[in-house]
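User: I would like a close look at the annotated active site of this protein, followed by a few words on its largest pocket.

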Amino acid sequence: MSDLYRSALSARLAKLPAELPPSGDEDEEGDSLGSLPGSGLGPPAMPSISGRRKKVKKEPNPAFSSISASSFFVQAVQVALPRRNLDCRVYYTPPGEAPSGANQTVMVLQHGAGYSGLSFACMAKEITDLSKGECGVLAIDARRHGRTVSTLETPDEDLSIGVLVDDFVDVIQAVYPDIKTSPTLILVGHSMGGSIVTRACPMLLDKKYKIGGVAVLDVVEGSAIDALPHMNNLLNARPDGFDSVEEAVEWHVTTKAIRNATSARISVPTIVKPSESSSPNVPPFIWRTTLRSTAPYWESWFLGLSSSFLSVRTARLLVLAGTDRLDKELMIGQMQGKFQMIVVPGTGHMLHEDDPTRLAEIMVDFWRRNERLVVGIKKVGES
């Protein structure tokens, strides 16, 4: 890493504390969409779990206590975005030295609705290990999520896609202000985050950032749009809150909303927060970002996603959990070889948490095929 690049980062990124405060990534998971794969709004609801409060308080189970993210990322910092009135949390592991003549590469990870950057913690660590430190990772908490906070007295609640994309681009510009020393960026988005990175890609290319590829995780426009009319009923399957952080983690694991307990113990604590209510009818811990409150923005997230994805001027990758039905536009695009598609069996909507090793293998392979190519060979998805 050059001295200039290192100094630019050190001005913005502080060392990760030994014990990261729990950070959360609310699930799109309780949204029951078993019959609507790839909807982008969550896995099947669990009918055995009532959305109503339990009358008997459940004692915290230490087996589901939170785990610090300090061993999964090197740094955590609040990045000031004055133009966006945001103090944005990012989790970062810088790239190591690249081979002679090659650019450094960072995978920029954007979570889905209700989650946080820590939903990528296990996958990020696997990417670092598999690439032997050569590939860096940068995970971002979106506005109204995780530890990103508004600097306004009355926070802007707008989560429309244009606002989220502008936030994302501003984070990139704040972390990498000098385009000449910026690493190559591979943009990776889960669910709502897939829509953000897809739409941000052309803007970053216009600003002359080097983009090595765009990867979208478990969201298909057609399925997502089809699911929207059913969402409010499906959200009723989720609990209103929990007696403790441990119970929130346990709920995600036992319902298989997240199938990897280690990942859940890192990511789930930031999806809930103390309720600050003295009412006995309000759980001690509630969702940090209630999915129902994001309903006005759902259509903006997903409408036009397929065409945006197929039109980005870089390599394209679509990773799905289980066999999905592609909408017509993606099906034609796949037949024309416009993008690479991989299905990861045995995972749910949170596929990058369920099987972080497999997802890391896919992402590192995507990076190697597109950023370590022999001159003259086309990238995956390039026509």
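To start with one residue, is His 349 buried or exposed, and what is its relative accessible area?

Analyst: In this predicted model, His 349 has a relative accessible area of 4%, and because buried means under 20%, this histidine counts as buried. His 349 sits in the loop that runs between β12 (340–344) and α12 (351–354).

The UniProt record, an unreviewed entry, lists His 349 under "active site" together with Ser 191 and Asp 218. These three positions are spread over 159 residues of sequence, yet they cluster in space, with a largest C-alpha distance of 8.5 Å.

Ser 191, like His 349, is placed in a loop, in this case the one between β6 (184–190) and α4 (192–206). With a relative accessible area of 0%, Ser 191 is also buried, since the cut-off for that term is under 20%.

Turning to the largest pocket, its volume is about 320 Å³. The pocket is lined by 16 residues, of which Arg 144, His 145, Thr 148, Val 149 and Lys 273 are the closest to its centre. Two strands, β5 (149–150) and β9 (272–274), each supply at least two residues of this lining. By residue class, the lining of the largest pocket comprises seven charged, five polar and four nonpolar residues.

Note on methods
Residues numbered from 1 in each chain as written. Predicted model: local features only at pLDDT ≥ 70, side-chain atom pairs only at ≥ 80, totals over all residues. Heavy atoms only, no water. UniProt positions renumbered as here; feature names shortened; annotations may be inferred. Helix = DSSP H or I, 4+ residues; strand = E, 2+ residues; numbered from the N terminus. Buried < 20%, exposed > 50% of the residue type's maximum accessible area, 1.4 Å probe, protein only. 1 Å grid on protein atoms, 1.4 Å probe; cavity = no way out; pocket = protein on both sides within 12 Å on 5 of 7 lines; lining within 4 Å. Points joined across faces, edges and corners; volume = space filled by probe spheres on them. Nonpolar A, V, L, I, M, F, W, Y, C, P; charged D, E, K, R; others polar.
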